[in-house]
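Here's a quick tour for anyone opening this structure for the first time. Have a look at the model, then follow the notes topic by topic.

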Amino acid sequence: MSVAPICIVLASRDPCRAAAAENLAACARAIATHSPAPIQAVVAGADPSAAAGETARHLGIPVTALEIADLSDPGDGAFGAVLADFLNRKAPAWILMEDTTLGRRLAGELAVRLAAACITGVEAVEGDAAGIVLTRAVWGGKFRAGVRATAATRVVTVASGAFAGRLEHTAVPADVRWAQGRAAHGGRRHLERIQAPEADAGLSEARAIVAAGNGIGEPDRLDLVRALAAKIAGAQVAGSRPVCDRGWLPFSRQVGITGATVAPALYIACGISGASQHLAGMSGAGLVVAINKDPKAAIFHHADIAVVEALETFLPLLIEACGQKED
Ligand SMILES: Cc1cc2nc3c(=O)[nH]c(=O)nc-3n(C[C@H](O)[C@H](O)[C@H](O)COP(=O)(O)OP(=O)(O)OC[C@H]3O[C@@H](n4cnc5c(N)ncnc54)[C@H](O)[C@@H]3O)c2cc1C
């Protein structure tokens, strides 16, 4: 009897994003370590061939390019129906998707259509004699819960960057198969896609982030945050919710439970108190540097380097020091 596979589903509007695909593949391998099963990927969209080829080359696992005709966007309601129909025929034990707005919505839809369990925001996988336990954040990131799904099929969204750097590459390109699904349009239609400005894209995959909190006090001080980011290779600027609510930064820059989930190697929190809703979005960060004038700020409990100082005093010194190092 064949073993039910683990299916990675990439239903992005964009071409293959290596970091996202790797994150899903590493999570799939973690599951397969405890419960051996073949791993395969499905790249679905209106024109998935290029992304499917890239995914097969990059991950070294078999990929199906699922072309969904007449469908310009996975945000369309018909997309989930076609995907569910295709996956149903594969009878997977696990379906893994990105923990993005689109991924979460599709995961819920697939779970309903396939009578599967749905577990979102998975950060870790462990196994014991009784099976697999998935860890996810609950209560706005204040606690971690272990979830054991007993359904035959589980649809999981994997927290961005949670398994980053854990994939051992096979370097052997895998086969790409071709499949087609036809969308019967349902009650929800995609009307328009508004592209975020180039500068607003890719926060969840940034290698370094300099984040501004309420402590910056006035919008002009964002220039200090931008100047520091400009000194760090690959760094992007982000903000806490109050900063984005005031319009000092666009919403697409917000980190946290109602914003982006990020996992950079370096996170510099400037004037951020460390509320659980903010921490929920950056708990996957590597080195955390916190600059805050209040020595009792909660962010210091989550920081590797704590700087108790006013931003207006410390940031110009840090920017200057970075500049000197470059010269
Ligand atoms: C349902 C819900 C969802 C939410 N989602 C999010 C979310 O996604 N992301 C998010 O960020 N928040 C979110 N929040 C809001 C969250 O609860 C906090 O209010 C918010 O994170 C606080 O932002 P902050 O740390 O920038 O500001 P504050 O809490 O006001 O902290 C400012 C910090 O700056 C320090 N400071 C002040 N002046 C200076 C100075 N000159 N130099 C150095 N330090 C200084 C202060 O000591 C303080 O610690 C959410 C809240 C709710 C209820």
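Two strands count as paired when DSSP finds at least two bridges between them. With that in hand, strand β10 (residues 208-212) and β11 run parallel and are joined by five bridges. Keep in mind that this is a predicted model.

**The chain as a whole**

- The protein chain contains eight helices and 14 strands.
- Out of its 327 residues, 43% count as buried.
- Take the contacts in the protein chain with a separation of 6 or more: 67% of them involve residues 24 or more positions apart.

**The five-strand sheet**

- This open sheet is built from five strands in the order β11-β10-β12-β13-β14, and its pairing is parallel.
- At the edges sit β11 (235-239) and β14 (305-308), each of which pairs on one side only.
- On average, neighbouring strands here are turned by 15 degrees against each other, ignoring direction.
- Zooming in on β10, V210 has V237 of β11 as its bridge partner, and A212 stands opposite G239 in β11.
- Is β10 enclosed or open? Four of its five residues are buried, so the rest of the structure largely encloses β10.

**The nine-strand sheet**

- There's also an open sheet of nine strands, this one with mixed pairing, running β7-β6-β5-β8-β4-β1-β2-β3-β9.
- Its edges are β7 (143-147) and β9; each has a single partner strand, so one side of each has no neighbour in the sheet.
- Neighbouring strands in this sheet are turned by 35 degrees against each other on average, again with direction ignored.
- Within the sheet, β1 (residues 6-10) and β2 (residues 39-45) pair in the parallel sense over five bridges.
- One of the matched pairs there is I8 with its bridge partner A41 in β2.
- Helix α1 packs on this sheet, touching β1, β2, β4 (94-98), β5 (117-128), β6 (131-138) and β8.
- The direction of α1 makes about 170 degrees with that of β1.

**Helix α1 up close**

- Helix α1 covers residues 18-34, which is 17 residues.
- From first C-alpha to last, α1 reaches 25 Å, close to the 24 Å expected at 1.5 Å a residue.
- Plenty of names to look up here: the buried residues of α1 include A20, A21, E22, N23 and L24, and A25, C27, A28, A30 and I31 are buried too.

**Around the ligand**

- Which residues come nearest to the ligand? Of the 28 around it, those are G213, N214, G215, S240 and G256.
- The shell around the ligand splits into nine nonpolar, 15 polar and four charged residues.
- Four elements each supply at least two residues of that shell: α6 (241-245), α7 (276-282), β13 (287-292) and α8 (311-326).
- The largest share, three residues, comes from α7.

**A loop residue to find: P173**

- P173 lies in the loop between β8 (154-158) and β9 (176-182).
- Is P173 buried, exposed or in between? It has 14 C-beta neighbours inside 10 Å, so P173 counts as partly exposed.
- P173 and R57 are 116 residues apart along the chain, yet their C-alpha atoms are separated by 4.2 Å.
- Setting aside its neighbours within four places in sequence, P173 is in contact with A56, R57 and G60.

Key:
Residues numbered from 1 in each chain as written. Predicted model: local features only at pLDDT ≥ 70, side-chain atom pairs only at ≥ 80, totals over all residues. Expected span 1.5 Å × (residues − 1). Buried ≥ 20, exposed ≤ 12 C-beta atoms within 10 Å, placed from the backbone. Near = placed C-beta within 6 Å. Nonpolar A, V, L, I, M, F, W, Y, C, P; charged D, E, K, R; others polar. Axes fitted to C-alpha atoms, helices over the stretch in contact; angles between N-to-C directions. Contact = placed C-beta atoms within 7 Å.
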